[in-house]
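Here is a short briefing on selected parts of this structure. Keep the model open while you read.

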Amino acid sequence: MTNSEQNYVKWFRNAAPYINAHRGKTVVLMFGGEAVTHPNFANIIHDISLLRSLGVKLVVVHGARPQIEDRIAGRGIERRVENNVRVTDADTLVAVKDATGSLRLHIEALLTTGLANSPMHGSQIRVSTGNFVIAKPMGVRDGVDFKYTGSVRRIDSDGINMQLDYGSIVLLSPIGYSPTGEVFNLALEDVATQTAIALKADKLIALTDEAGLMDKSGELIRSCSVRTVRTLLDENDCHVRQLLLRAIIQSGEHGVERCHCVSYQSDSALLQELFTRDGSGTLIAQDHKEQLRTATIDDVGGILELIAPMEAEGILVKRSRELLEIEISQFIIIEKEDVIIACAALYPYTDAGCGELACVVTHPDYRGGNRALRLLNAIEKEAKKHHLNKLFVLTTVSAHWFQEQGFVETAIAALPKGKQQMYNIQRNSKVFIKDI
């Protein structure tokens, strides 16, 4: 087997847990009209087809801003924008219908492609479009009549779910319909956000012109909370980017657990984001009322109280207050209402390129809420900052949980020399290692 074949098999095996995790989940995928005109859009269509074939329930929401601008310019219609919102008069509405209708048909045709020797051969995708978005007019604001510019009034979630259950991809345009029979021009972000909320979607994925969300220095933010996105919103003066950030914030505040921002310019970004450990763009998770942070000297008493029952049962090696005070900076805790409810520690072995995950404890009243997994993710992130590529753990009672998180049982000889010398034969702990 060649190296490329070995790498393919390894990637496919590593992707299997993510494939299983996403099967049957509802995902809303949004992109603007700029993405449709980009040379990489054909690859995005192939990836959408692949996601559907892997059992993901997909709602695709497209925008059409540049296409609408072209139609308006081509027809010689006066462009009017107030407070960064387009005023849609009767003539502009004709251009909006033309642009969105043409774009929808184009995307629908691409999703229907099934030529031999193409990635979509044999896919037989059904695409469903319809009057799933019920709209209302924006009306008159600050003396400005926005006419046929509207906002989402309601999403026909039952109708969409019925099509998803049939195995169709639902394709939504930035157009809404009113009970009075009128058509309204809507914002892509409004349609995508309200759809994700109404469907109680598992994910909202935004394809953007950048790799993801960027910090002040222009560096990619790999993962953050909705709270961080609020900070970015305050710092950003680009209207289109503000619309995206508000969509993420609103989705997170109304129950969408995960939002992703990835680039539509990369032919691997979407699949890499969903099916690899490190992803490619930005993952935004819901805010937790509980705070995850590095421990300080003031947390020593709370940690000792948390771990005391586990030490009494012999599950953890007993730590003195003095030792914990020395090692306190190695600990990460989850705090709720000033009470420490979970903790974990990282002990780097820099020379060996690995670190020890230790003292993973969750208060009995708070087990079952993935807090240990949140701590593990935080520890892995911290380990990478130290340029460590492996984590190891010694455990006597939690072997199955660590195996479920990707740890593999190994021999004592695989431990760093210093840790081997400290190994307690009487405890007979099992050793597990994970690549990070």
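Two strands count as paired if DSSP finds at least two bridges between them. The model discussed here is predicted. Strand 15 (residues 258–263) and strand 16 (residues 282–285) pair in the antiparallel sense, over four bridges.

**The sheet**
- Eight strands make up an open sheet with mixed pairing. Their order is 5-10-2-1-13-15-16-14.
- Strand 5 (127–128) and strand 14 (223–225) are the edge strands, and each pairs on one side only.
- Within the pair of strands 15 and 16, Cys-259 stands opposite Ile-284 in strand 16.

**Helices on the sheet**
- Helix 3 (residues 41–53) packs on the sheet and touches strand 1 (26–31), strand 2 (57–62), strand 10 (169–172) and strand 13 (203–208). The direction of helix 3 makes about 155 degrees with that of strand 2.
- Helix 7 (residues 188–199) also packs on the sheet, touching strand 1, strand 2, strand 10 and strand 13. Its direction makes about 175 degrees with that of strand 1.

**Helix 8 against helix 9**
- The axes of helix 8 (residues 226–235) and helix 9 (residues 239–253) come within 9 Å and cross at roughly 155 degrees. Helix 8 is therefore roughly antiparallel to helix 9.
- The crossing is left-handed.
- Helix 8 residues in the contact include Val-226, Val-229 and Arg-230; those of helix 9 include Gln-242, Leu-245 and Arg-246.
- The contact residues divide into seven nonpolar, two polar and three charged.

**Gln-405**
- Gln-405 lies in the loop between helix 14 (399–404) and strand 22 (408–410).
- Gln-405 has a relative accessible area of 17%, so it is buried.
- Leaving out residues up to four places away in sequence, Gln-405 touches Leu-373, Leu-376 and Lys-434.

Note on methods: Residues are numbered from 1 along each chain as its sequence is written. This is a predicted model: local features need pLDDT of at least 70, side-chain atom pairs count only at pLDDT 80 or more; totals for chains, interfaces and linings use all residues. Side-chain values use heavy atoms; hydrogens and water are left out. Helices (H or I, at least four residues) and strands (E, at least two) are DSSP runs, numbered from the N terminus. Buried means under 20% relative accessible area, exposed over 50%, partly exposed in between (1.4 Å probe, protein chains only). Contact means heavy atoms within 4.5 Å. Axes are lines fitted to C-alpha atoms, for helices over the stretch in contact, and angles run from 0 to 180 degrees between N-to-C directions. Angles under 35 degrees count as roughly parallel, over 145 as roughly antiparallel, 65 to 115 as roughly perpendicular and the rest as oblique. A crossing is left-handed if the near helix is turned anticlockwise from the far one by less than a right angle, and right-handed if clockwise. Ala, Val, Leu, Ile, Met, Phe, Trp, Tyr, Cys and Pro count as nonpolar, Asp, Glu, Lys and Arg as charged, and the others, Gly among them, as polar.
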